[in-house]
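Hello,

Here is the structure I promised to pass on to you. Have a look at it first, and then read on for what turned up in it.

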Amino acid sequence: MSKVGDAISLTLNGTKFAIPKDTEPNVIEGGDTITETQQFGDGTADAYVSRNIARITGLRIKVDDKLDSAFKSVRSMTDIPIVLQCVSKSYELTGCMVGEVEVSATRRITNEFEVHCTDGSGIRKT
């Protein structure tokens, strides 16, 4: 049985952001996945396989005033180094932030967002 632990930080293009304690990121390794089946009247079915992109979902970070400009710049950058550091393991990929990310005006914490792998190499675990 492997050890598990809390998410600690997310590094985007070399800038490290703290992750709130109650955040639970989900690592999706991607690859070939059966996305649907077509059933037939004789009881058989064909499976349809799609290629899913590697990604990490459920991320939230703290964006304080000194990190605000770095955060704004990485939101529109592609192919940046991304590292999710957890207590027992780290996950690395080359990718980008996806979607509109909001920052709370009072707590300076983002809403949930995800990062996608853009270079096809997937997510590396260390």
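Please keep in mind that this is a predicted model.

A good place to begin is serine 9, which sits in strand β1, the stretch covering residues 7-12. Serine 9 counts as buried, because its relative accessibility is 4%. Leaving aside residues up to four places away in sequence, the contacts of serine 9 are Lys16, Phe17, Ile19, Val83, Leu84 and Gln85.

One of those contacts, Phe17, leads to the aromatic rings. The count of aromatic pairs comes to one. The partners are phenylalanine 17 and phenylalanine 71, arranged edge-to-face, with 6.1 Å from centre to centre and 75° between the planes. Phenylalanine 17 belongs to strand β2 (residues 15-18) and phenylalanine 71 to helix α1 (residues 68-74), so the pair ties together parts that lie 54 residues apart in sequence. Both partners are shielded: phenylalanine 17 is buried at a relative accessible area of 0%, and phenylalanine 71 is buried at 1% relative accessibility.

Next, the strands around β6. Strand β6 takes in residues 55-59 and is mostly covered, with four of its five residues buried. Which strands pair with β6? Strand β3 (residues 26-28) is joined to β6 by three bridges, and the two run antiparallel. In that pairing, isoleucine 28 stands opposite arginine 55 of β6. Strand β9 (residues 113-117) is also joined to β6 by three bridges, again in an antiparallel arrangement. Here isoleucine 56 stands opposite valine 115 of β9.

Finally, the cysteines. How many disulfides does a search of the whole structure find? The search finds zero. Cysteine 86 is in no disulfide, and the nearest cysteine sulfur, which belongs to cysteine 117, is 17 Å away. Why does cysteine 117 not bond to its closest cysteine sulfur? That sulfur is in cysteine 96, and the distance of 9.3 Å is too far for a bond, because a disulfide needs the two sulfur atoms within 2.5 Å. Cysteine 86 and cysteine 117 both sit away from the surface: cysteine 86 is buried with a relative accessible area of 12%, while cysteine 117 counts as buried at 4% relative accessibility.

If you open the model, you could start at serine 9 in β1, go on to the pair of phenylalanine 17 and phenylalanine 71, and then turn to β6 with its bridges to β3 and β9.

Happy exploring, and best wishes

Note on methods
Residues are numbered from 1 along each chain as its sequence is written. This is a predicted model: local features need pLDDT of at least 70, side-chain atom pairs count only at pLDDT 80 or more; totals for chains, interfaces and linings use all residues. Side-chain values use heavy atoms; hydrogens and water are left out. Buried means under 20% relative accessible area, exposed over 50%, partly exposed in between (1.4 Å probe, protein chains only). Contact means heavy atoms within 4.5 Å. Two strands pair if DSSP finds at least two bridges between them. Rings of Phe, Tyr and Trp (its six-membered ring) pair if their centres lie within 6.5 Å; planes under 30 degrees apart count as stacked, over 60 as edge-to-face and the rest as tilted.
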